[in-house]
Amino acid sequence: MERVGVIGLGIMGRGMAANILKAGFPTTVWNRTASRMTPLVEAGAAAATSPADVARHSDIILTCVSDTPDVEQVLFGEDGVVHGAASGALVIDSSTISPNATREFAEKLAGRGIAMLDAPVSGGSEGAERGTLSVMVGGEAASFERALPMLNAIGKTITHVGPSGSGQSTKLVNQILCVANMLAASEALLLAKASGLDLERTLQAVGGGAGGSWMLNNRGPQVIKRDFRPGFTIDLQQKDLRLVLEAADELGLPLTLTSMCHGMYNVLQRQGLGEEGNHALARAVEQLAGIVIEG
Ligand code: NAP
């Protein structure tokens, strides 16, 4: 079995690392804040001292950190992956970052004999924990085949979508759907509340119909219970929407709904709510209407 290293044990990375370990891969982990490694070490993973140290002990290196500069840092920075990885290693980046930067990183790694796949994921913290993520993979077909046994440990729907960068482009497509569905769920619950409907029964009635969505079914119940703890923070959601709008700008596209959601999230960030979950978009809708969606 290939040895797997996981760099970044945040909300998503820790679930993925736990499932890789459970699937029987010899697993080495590293996280910038060292205390986040403890539960995985207790479950049987080895702790590394740096990304380079992870790479020294791994054939496949999975990264899941916040943003484009963070991926650059863990791959190419001081003590980065390139300083420990052997030629023939495979880097799989499951962070959501710029497709253009991804292609540059893949080329730089290829120059050192290291292959790279972009493999951003969707399915929330729940999907990471349960190993049911959707994984959108860009890169060479041979690397995809090599990665499949490990990707099967973290995901349920694993799709090779095209060459390097196209996994990230697909993830941006996915992010439009997430925020648009969250806005729709918020407005729907607002009308339900203002109409005097029982919110739980409303969710039950419409969740399985043509208007249902992952956001409605998973985040709708949290909104009505006023639980805005993050599965995915507003700050990271805004990072993704910026990437979507940059891509739209490059291509000259009018993504009006996405631009509107980005603006509404800006309001929430100004109110200091950036660390709440992205379902707090409902709060912006509530503020416009002067109604709280509680049920
Ligand atoms: P998170 O909980 O905030 O975790 C971020 C992780 O990145 C932490 O382990 C953090 O280390 C590490 N990190 C950030 N900057 C770093 C740097 N410069 N050097 C080293 N480590 C660094 O975020 P998350 O929700 O797991 O998201 C991680 C990635 O997955 C993001 O790109 C996000 O867009 C994507 N994603 C998230 C979700 C979701 O629902 N949460 C779904 C799909 C995709 P520390 O512990 O030291 O801070």
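The following conversation concerns the ligand site and two strand pairs of a predicted model.

Student: What should I know about the model before we begin?
Tutor: It is predicted: local features need pLDDT of at least 70, side-chain atom pairs count only at pLDDT 80 or more, and totals for chains, interfaces and linings use all residues. Residues are numbered from 1 along each chain as its sequence is written, and side-chain values use heavy atoms, with hydrogens and water left out.

Student: Where does the ligand sit?
Tutor: The ligand occupies the largest pocket. A pocket is an open set of points on a 1 Å grid over the protein atoms alone, where a 1.4 Å probe fits, with protein on both sides within 12 Å along at least five of seven lines. To sit there, more than half of a molecule's atoms must lie within 2 Å of the grid points.

Student: Which residues are closest to the ligand?
Tutor: Asn 31, Thr 33, Arg 36, Gly 231 and Lys 239 are the closest of the 26 residues that surround the ligand; a residue is near if one of its heavy atoms lies within 4 Å.

Student: And which polar backbone atom is 2.7 Å from a ligand nitrogen?
Tutor: That atom belongs to Gly 231. A polar contact is a pair of N or O atoms within 3.5 Å. An N or O atom in the side chain of Arg 32 is 3.0 Å from a ligand oxygen atom.

Student: Changing topic, how do E5 and E6 run?
Tutor: Strands E5 (residues 90-93) and E6 (residues 115-118) run parallel, joined by four bridges. Strands are DSSP runs of E, at least two residues, and helices are runs of H or I, at least four; two strands pair with at least two bridges. Ile 92 has Leu 117 in E6 as its bridge partner.

Student: What about E8 and E9?
Tutor: Six bridges join E8 (residues 133-138) to E9 (residues 155-162), also in parallel. Ser 134 is partnered with Thr 157 in E9.

How values were computed: Polar contact = N/O pair within 3.5 Å; in protein donor to acceptor, adjacent residues only side chain to side chain. 1 Å grid on protein atoms, 1.4 Å probe; cavity = no way out; pocket = protein on both sides within 12 Å on 5 of 7 lines; lining within 4 Å.
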